[in-house]
Amino acid sequence: LGGHAPRRLDLSFEAVDLLLAWERSGLRFYGGGTHIFSSSTSAYEGNIAQAGVDYVSLPVLFGQRLTAGLDVKWLEPADWRSGLSAKAGIMFGRTSLEQRGISLLIEAYDGFAPFGQFFVEDFHYWGATLQLEF
């Protein structure tokens, strides 16, 4: 963490979350918020707002499913700046959503790190994820 490393804060906190969702035909909308009621640093106090949408298709080619999602968080301790996460990909081996399987996703993120020790810093990344669901 020497040199030109981002500013680091030791962070632990306690919070209450409320998130509501509505789903229909594989499409789910959700939103809600968080209130941070105890924090190890005064720099991480206040509220978080969150909204998003995700989609899981019916089985398509060979029973695989297409999936995508978009999530936005606004963090009061970061002056209400937003963090935007987007993912899209294919779910393998899941002819029903209750089954375990593998998901291959592309993803991108732009914004702050909402729950990490570098939450006041901006992050930008994109990549691929192989998710094993057991």
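The protein chain has 0 helices and 7 strands. This is a predicted model, so please hear every value as computed from it. From the N terminus on, the order of elements is simply β-β-β-β-β-β-β.

Some overall numbers next. The chain has 134 residues, and 31% of them are buried. About 8700 Å² of the protein chain is exposed, and 60% of that comes from carbon and sulfur atoms. On contacts: if we take those between residues at least 6 apart in sequence, 45% join residues at least 24 apart.

Now the surface. Which residues form the nonpolar patch? They are Val60, Leu61, Phe62, Leu66, Ile90, Phe92, Ile102, Leu104, Leu130, Leu132 and Phe134. Together they have about 1100 Å² of accessible area. Three elements give two or more residues each to this patch: strand 5 (81-92), strand 6 (101-112) and strand 7 (122-133).

One member I want to single out is phenylalanine 62. This residue sits in the loop between strand 3 (46-56) and strand 4 (65-75). Is phenylalanine 62 buried or exposed? Its relative accessible area is 73%, so phenylalanine 62 counts as exposed, the cut-off being over 50%.

Next, the aromatic side chains. How many aromatic pairs does the structure hold? There are 2.

One of these joins tryptophan 22 and phenylalanine 29. The ring centres are 6.3 Å apart and the planes meet at 25°, so tryptophan 22 and phenylalanine 29 are stacked; planes under 30 degrees apart count that way. As for cover, phenylalanine 29 is partly exposed, at 40% relative accessible area.

Then there is the pair of tyrosine 109 and tyrosine 125. Their ring centres lie 5.7 Å apart with the planes at 20°, so this pair is stacked as well. The pair links distant parts of the chain, with tyrosine 109 in strand 6 and tyrosine 125 in strand 7, 16 residues apart.

What is the relative accessibility of tyrosine 109? The value is 13%, and because buried means under 20%, tyrosine 109 falls in that class. Its partner, tyrosine 125, has a relative accessible area of 43% and is therefore partly exposed.

To bring the two topics together: strand 6 and strand 7 each give two or more residues to the nonpolar patch, and these strands also carry tyrosine 109 and tyrosine 125 respectively. That is where I will stop.

Methods:
Residues numbered from 1 in each chain as written. Predicted model: local features only at pLDDT ≥ 70, side-chain atom pairs only at ≥ 80, totals over all residues. Heavy atoms only, no water. Patch = residues over 30% accessible without salt bridge, like charges linked within 9 Å, V, L, I, M, F, W, Y side chains within 5 Å. Areas by Shrake-Rupley, 256 points an atom, 1.4 Å probe, with all protein chains shown as cover. Salt bridge = Lys/Arg side-chain N within 4 Å of Asp/Glu carboxyl O. Helix = DSSP H or I, 4+ residues; strand = E, 2+ residues; numbered from the N terminus. Buried < 20%, exposed > 50% of the residue type's maximum accessible area, 1.4 Å probe, protein only. Phe/Tyr/Trp six-rings, centres within 6.5 Å; stacked < 30°, edge-to-face > 60°. Contact = heavy atoms within 4.5 Å.
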